[in-house]
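Welcome, and please open your viewer. This tour goes from one selection to the next and says what to look for at each stop.

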Amino acid sequence: MSWIKKIFLLFVFLSGSLAFAQNSTVSGIVFEDLNENGKLDSNEVGVEGVGVSSLSGIVETDSRGGFKLEICKNDIVFVIKPSGYHFHLNEYNIPKYFEQIYPQGSPKSLNYAGIRPTLPKDTLLFPLIPSDTQSGFRVNMVADPQMPRKREVWFFRETIIPSLLTANSEVTIFLGDIADNNLDVFPHFMGSLKALENPVYAVFGNHDVNYRSPDNSLKAETFRSWFGPDYYAFNYGNTHFVALNTVDYFGWNDEYKKKGSYFGGIDSTQLQWLEQDLALVDENFRIVLLTHIPLHPDYFKKQDLKKIFSLLEDRREVTIVSGHLHQNKSWAYGPELYWNGKSQLRSVIAGSASGSWWSGPYASDSIPQATCVDGSPQGFYQYAFRDDGFNYRFVPAQKKEDYQLRISSPHRIVKYNPEKPHRVVVNVFSGDERCSVKFSIDGGTFTGMKQFTGVDPFVERTHFRRINGDNWSPGISQTDHLWEGELPLKLEPGIHTIKSVVGFPDGKKYSATTQFELVDDGQ
């Protein structure tokens, strides 16, 4: 190509970019793709009343499925999927529900590549494929794969992917921290998703930040290039899912030449977008918020938390699913946590796919057991939604599905003490205050156990082995999904069998059994 032709093409592109900067409106059609060819054929019609969004505003399609939408200089246009439809998927099973419109592209100063210069098409076409109404469906919620390099991507492929394939679902959602600061792992992670047989969505996490961003505005450029918008919404059945970007990044630290700090929060543009989104949602729909950083004042700006909750107070059913903490955790909200809504509100931290950051001990093929800091195994949650409610279960990786609790104490040999009974401690991995837990000795009568907050004895006695590929060891975390009881004082020395049973709020029961030896040093 001659230098004259290159200059001419550059002039054409720049002219188009300047023209577009002056004309910040795009138009398009959302239509039923009856033959699933991705094209608008003459016999196919538009879908009315579908939300079409930019990163700042939302409009609804007209009677012919058409829309006009104002967008910013660099923006993403995306469709809020209505119930009864699904999108085409790309090779990584990411739904094709968005168009990146970046006339100038992402800044070159960022450490990792963002979105290439992209001009809008004359008419944006979003095909929807009719599907079942999805009154009953399952969603796999996967938190914190947090892979710093390709080595950990292989761990993810060998532990989490097989479990996802076994735990069938209609949707898979990754709840942030896909990367561990090194965003070069994104393409390797994407290759892993090819095995999944359902749509995949991703939530933005603090370790997915393009850390050379000078401020909060450019933090998600690389994430957007792979996954689309960093906040969005979609519907299945009578459930409206809203993924939020809850990372308030303070920008690259010029003084120390390192990644800047962050805290949980939501900026004013996203908050206004959320208000517009919720205003279009049927009042009878349940709302499911998907976040990385939990909506809790310990991790999230109080003023932002109050603003989000004020938009949800009149909703009949709201729930929150998050990641970030590398443990299983659940709590109910009340006024002390700024919730004054008419419905009950509960938040669940959906465990961690990487457990305690892919730390050992290591099993066959050098795969880390990666137990979480609260003593629960690595894994994810599966939610089952129905018109009249929902329930969820913890899915442990590398374990049988009924591995839902551990008898952490007594362990192996217990010394007899006639004056001080030995504690029985059970860790119910996804347990909360609504669970009932009991134990029995040698097939005898079951005794109820009391929930407490503390450190799992299993974590304490095995912590010295928890080292990851960077020769780093995670801390030990207290948890409230522990239950305790006492061994009988009159128990005879010898081998004894202990059994514990947990009952969950949905009526499911699981049990665990172990043995220990009671020894009397005085004999």
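Helices and strands here are DSSP runs, numbered from the N terminus. With that naming in hand, keep in mind that this is a predicted model.

**Stop 1: two cis bonds**

Begin with Pro361, in the loop between strand E19 (345-350) and strand E20 (379-386). Turn to the peptide bond that leads into this proline from Gly360: it is cis, with omega near 5°. Next, select Pro410, which belongs to the loop between strand E22 (405-409) and strand E23 (412-415). The bond from Ser409 to Pro410 is also cis, and its omega is near 10°. As background for this stop and the next, most residues other than glycine have a negative phi, and most peptide bonds are trans.

**Stop 2: two positive phi angles**

Now select Gln146, in the loop between strand E9 (137-142) and helix H2 (150-166). Gln146 is not a glycine, yet its phi is positive, at about 40°. Is Gln146 buried or exposed? Its relative accessible area is 3%, under the 20% limit, so Gln146 is buried.

Move on to Asp177, in the loop between strand E10 (171-174) and helix H3 (186-193). Here too phi is positive, about 55°, in a residue other than glycine. Asp177 has a relative accessibility of 1% and counts as buried.

**Stop 3: aromatic pairs**

The structure holds 40 aromatic pairs. A pair of aromatic rings is described by the distance of the centres and the angle of the planes. Try selecting Tyr231 and Trp273 together: their ring centres are 5.3 Å apart and their planes stand at 65°, so this pair is edge-to-face. Tyr231 is in the loop between helix H4 (221-227) and strand E12 (232-236), while Trp273 is in helix H5 (residues 268-279), so the pair ties together parts that are 42 residues apart in sequence. Both Tyr231 and Trp273 are buried.

For another arrangement, select Tyr383 and Phe390. The centres of these rings are 6.0 Å apart with the planes at 25°, so the pair is stacked. Tyr383 is buried, at 0% relative accessibility, whereas Phe390 is partly exposed, with a relative accessible area of 22%. Remember Phe390, as the tour comes back to this residue at the last stop.

**Stop 4: charges over rings**

Select Arg212 and Trp252. Arg212 lies over the face of Trp252, 4.3 Å from the ring centre. Then go to Lys438 and Phe446, where the charged end of the lysine sits over the ring, 5.1 Å from its centre.

**Stop 5: an open sheet**

Colour strands E23, E30, E29, E25 and E26: in that order they form an open sheet of 5 strands with mixed pairing. Its edge strands are E23 and strand E26 (447-448), each of which pairs on one side only. In general, strands of a sheet pair through backbone hydrogen bonds, either parallel or antiparallel. How do E23 and strand E30 (residues 509-519) pair, in the parallel or the antiparallel sense? They run in the parallel sense, over 4 bridges. To find a matching point on both strands, select Arg412, which stands opposite Phe516 in E30.

**Stop 6: the cavity**

Next, look inside for the 1 cavity of 30 Å³ or more. Its volume is about 30 Å³. Select its lining: Ile94, Tyr97, Val200, Tyr201, Ala202, Phe227, Pro229 and Tyr232. Strand E11 (residues 200-202) gives the most to this lining, with 3 residues. By class, the lining has 8 nonpolar residues, no polar and no charged ones.

**Stop 7: the largest pocket**

Finish at the largest pocket, which holds about 550 Å³ of space. It is lined by 24 residues, and the closest to its centre are Arg346, Phe390, Tyr392, Arg434 and Pro505. Phe390 is the residue from the stacked pair with Tyr383. Strand E17 (318-322), E19 and strand E21 (389-396) each supply at least two residues of the lining. Which strand gives the largest share? That is E21, with 5 residues. By class, the pocket lining has 11 nonpolar, 6 polar and 7 charged residues.

Technical notes. Residues numbered from 1 in each chain as written. Predicted model: local features only at pLDDT ≥ 70, side-chain atom pairs only at ≥ 80, totals over all residues. Heavy atoms only, no water. Buried < 20%, exposed > 50% of the residue type's maximum accessible area, 1.4 Å probe, protein only. 1 Å grid on protein atoms, 1.4 Å probe; cavity = no way out; pocket = protein on both sides within 12 Å on 5 of 7 lines; lining within 4 Å. Points joined across faces, edges and corners; volume = space filled by probe spheres on them. Nonpolar A, V, L, I, M, F, W, Y, C, P; charged D, E, K, R; others polar. Phe/Tyr/Trp six-rings, centres within 6.5 Å; stacked < 30°, edge-to-face > 60°. Lys NZ or Arg CZ within 6 Å of the ring centre and 35° of its normal. Pairing = 2+ DSSP bridges.
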